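Please open the model in your viewer and keep the selection tool at hand, as this tour moves from one group of side chains to the next.

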Protein chains: 2
Amino acid sequence: MNGAEALLLTLLNNDVTMCFANPGTSEMQFVAALDRHPGMRGVLCLFEGVATGAADGYARMTGHPAATLLHLGPGLANGLANLHNARRAGTPVVNIVGDYAGSHKPLDSPLESDIDAAAATVSSWVRRPSEPADVGPDAAAAVAAALDAGVPGDTDRSRTGTSGAVSTLIVPADLSWSQGGRPAKRVTRRSLRSVPDHDVDSIAALITGPETTALLIDGAGLGEDGLHAAARVHKATGTQFFCPTWPARLRRGAGVPEVQPLNYRSEGVHQQLEGVQHLVLVGAREPVASFAYPGRPSTLTPPSTTVHRLAPEAGFDIVGALTRLADMVAPGGAASLPDPLATPRITDEPLRTGNWAQVIGALLPREAIVVDESITEGMNTLSAATAYAPAHDVLGLKGLAIGQGLPVSVGAALACPDRPVVCLQADGSALYTISALWTQAREELNVTTVILNNRSYAILRAELDRVGAGRTGQAAESLLDLGRPDIDFTAIATGLGVAASRARTTAELAEQFAGAQRAPGPHLIEAVLQPA
Amino acid sequence: MNGAEALLLTLLNNDVTMCFANPGTSEMQFVAALDRHPGMRGVLCLFEGVATGAADGYARMTGHPAATLLHLGPGLANGLANLHNARRAGTPVVNIVGDYAGSHKPLDSPLESDIDAAAATVSSWVRRPSEPADVGPDAAAAVAAALDAGVPGDTDRSRTGTSGAVSTLIVPADLSWSQGGRPAKRVTRRSLRSVPDHDVDSIAALITGPETTALLIDGAGLGEDGLHAAARVHKATGTQFFCPTWPARLRRGAGVPEVQPLNYRSEGVHQQLEGVQHLVLVGAREPVASFAYPGRPSTLTPPSTTVHRLAPEAGFDIVGALTRLADMVAPGGAASLPDPLATPRITDEPLRTGNWAQVIGALLPREAIVVDESITEGMNTLSAATAYAPAHDVLGLKGLAIGQGLPVSVGAALACPDRPVVCLQADGSALYTISALWTQAREELNVTTVILNNRSYAILRAELDRVGAGRTGQAAESLLDLGRPDIDFTAIATGLGVAASRARTTAELAEQFAGAQRAPGPHLIEAVLQPA
């Protein structure tokens, strides 16, 4: 068999059965192999950023990687921003990039570029096999590298508390077409290590001691088990528990203890952590500001707060440790859940910042996957509005590279075909990867996209002020304003094969959102927001 | 003044007056400075690939760089593919990327990534100033690096025959907001060196000798002066002259001697060069195949052909050398131009491969700028159909990274507001950077985009066969087919503020194309092509 077949069979042996592809000439052997060896679902994306974002969304929901299939350096380049997000989210991704045949590379032909260097900016592992027999084993190593990140020896501190990473396999075309390939077997996933007793003991002593302590939880700790354990600790000791502003994946809603996200702004975090003498990181990194501003600190922990870690480094079972901690400080106790608030009541009024989130909170279907790239529009509203909605998962913009929302929705919907996906997407970043809508249509995915159209890069208006840039005039304003002309997202969605409607009032949004949940396939609702 | 102002004033001192921007927080000081120091036109692009492609198109037409303004590593990543194209085209681009403040970088906050490594994959020059006083001088050095590529000492052989390159200036946010900036003066552009007499003499001897010689011209040689000189040589000696398949910029049409583009396929090139004993490179690189295929050579020059160079290395005045060559072998002779063929006659028939190009050839306005990303649809048809149209410039996909057409059109239209721009855009790559249409609308650019909608990645169907991948079934086919659902480009264009129509016959295309030329502002025509 040829190298491409060995690659495909190795992926299948490792239960990698989904491939988000934008192939080119150098990937044609892999494409052809899909017909000879069924089991891999090839999903065409019309831009590489859609493929990489979809792979991120898929693995956030399954915990197991999808493959991408990208064409040479420029194809990889187009997918880098969403691989950056996957890296920051700690998502396992097997990123496959085709390259020129070995004999062809020295000719420096038009698409030649430094694939290895570009891949290294987002990958914890980069390899290019050197002969056809290597392709299978290297593909297995890529799966292992994607899954086993965060295990001992991993030095990428951005992934603390998560267990996935981007691994990039660069496959020269001649290895794909040459015979001599041999598929590799399934790799064994290394298990997480148990947090040592003395570490759990010392955190328990801290929490039950006289000083004020808080937990900052991330990664696997934000699932149902971790949050119930944290809530038990809270009930017994009063210890507050927080999560990052936009975690990679967070369980929320009815029956799930609510964790407070840290504020996006440093002054907000300083308020949240005021009086906290000890901050315990549970699979989380020490919080830092998204940006530096003149005269403001970049670290968010108050100077008087001491930082501790429940696990000494990455690769530990933090959910197990949290549960043991709860068993120590609250033996036998169950988490106390607040009484559900009444479902938000929807009165008919023009849509604006805030009230759109009430509609989503009132109508969110059971077990929804909420993909949150609402940015400014959701920042201080979405969390409260959906806290008592039916239980759901939220996938957030952890890496802050915009253009993730629509592609992550594609991957999440393919990962969980029986769950509704709700994509809350800011207008400013929607166009980055808009062709994800076409893939939603082709694959008939149950995704309801709500475009939060405030017709500006709203976050930049605030930032302009915060960096001390002073009063703006027409020239600066033209770079923040997304009007002139207004973008009609319903027309764009229709052009890409997705049914679309426009809502200007809360009642219209409610009616259209409920209708989208009833009808199969993708829908887009453009929520036109009035200035607050 | 702060560093951002020093940057802006240095650019203005160097006649860099156009900035294609997708800014973020770290670039807000520069944005604010635009109001305090007029002279720079900030053009908002809704995706970084639009900004970098527009900068490429602008400088291809002006010969002078525009600036970009990109946000951190992910913003740069999104712009890389079109910077790759600019690099391959030899276009000068001053690529400005904001970065975190120096004190903030060690915190590894969410958007942190290796900007320098990513920039190096497309740039001949990368620098980050280390204090506010450096920003101005480093910006001047960036302009010099963008303009002076190809001068002696430049070792990037991809730019032979051109004089531009991508230079990347990485500006930490704290240098932008801190005082101590000082603008730098205008840099002196180094002039091209004259090709030594003995080199011109030896080529003249070759051409006038008994053996068959051909010229392969690229870069500045493809302007009107170079082509007239080549035509004089041809008239006097019978020497054929060729250019690459898709040059960065080529002068064509009535009154311009026609140069034959090399075929995209190696077997076509072998036919074109059959019997050529000496191939003289005039600002061109030795031709290589775009891709390797099993059993086919990657080099295109026949084994029996000896390769020569008119200029010994990059940085020489090849137009002057070509003219001197013509003066030697054809003293006083004028180029002989073939009689113009009749304008193609348009009969009303369904649009398909080939006949759409006849319509463009018949109706192309005077001094049009034709941005050619027609790929498969234009490969063997466009050149002949437009050879006798009014004189025009063609901007081609030299770097082969798709998604260049719409952004390059934006830049070309801003560079030459009095010239009509015609963008011939394949459907498969149109969605990569579709939001360029919005910038066309906002800036009211006279661009007519013709989407050549064959509803497939047509080039990949051919490639699948050429790489020996064998018969394809449904799985492979689904990755090449752009139908299911069909994309409605008129709806998408309307959503982005561009007037749009659909043509299914040659008569409809002719009517709509002529109408678009008469009305100001951008238009999009979706040409729905029947299978050939």
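Begin by selecting Phe47(A) and Phe47(B), both of which are buried, and bear in mind throughout that the model you are looking at is predicted. Between these two residues the ring centres lie 5.7 Å apart and the planes stand at 80 degrees, and because planes over 60 degrees apart count as edge-to-face, the pair is edge-to-face. If you now show the backbone around them, you will see that the pair crosses between chains: Phe47(A) belongs to the loop between strand S2 (41–44) and helix H3 (48–62) of chain A, while Phe47(B) belongs to the loop between strand S2 (41–44) and helix H3 (48–62) of chain B.

Keep Phe47(A) selected and add Tyr432(B), with which Phe47(A) forms another edge-to-face aromatic pair, at 5.1 Å from centre to centre and with 90 degrees between the planes. This pair also crosses between chains, since Tyr432(B) is found in the loop between helix H15 (427–430) and helix H16 (436–442) of chain B. Both Phe47(A) and Tyr432(B) are buried.

Next, add Tyr432(A) and display it with Phe47(A), Phe47(B) and Tyr432(B), for ring pairs link these four residues into a cluster. Over all chains, the structure holds nine aromatic pairs.

For the last stop, select Tyr293(A) together with Arg466(A), whose charged end sits over the ring of Tyr293(A) at 4.4 Å from its centre. Then turn to chain B and select Tyr293(B), where Arg466(B) lies over the face of the ring, at 4.4 Å from the ring centre.

Methods. Residues are numbered from 1 along each chain as its sequence is written. Chains are lettered from A and ligands numbered from 1 in the order in which they are written. This is a predicted model: local features need pLDDT of at least 70, side-chain atom pairs count only at pLDDT 80 or more; totals for chains, interfaces and linings use all residues. Side-chain values use heavy atoms; hydrogens and water are left out. Rings of Phe, Tyr and Trp (its six-membered ring) pair if their centres lie within 6.5 Å; planes under 30 degrees apart count as stacked, over 60 as edge-to-face and the rest as tilted. Helices (H or I, at least four residues) and strands (E, at least two) are DSSP runs, numbered from the N terminus. Buried means under 20% relative accessible area, exposed over 50%, partly exposed in between (1.4 Å probe, protein chains only). A charge sits over a ring if NZ of Lys or CZ of Arg is within 6 Å of the ring centre and within 35 degrees of the ring normal.
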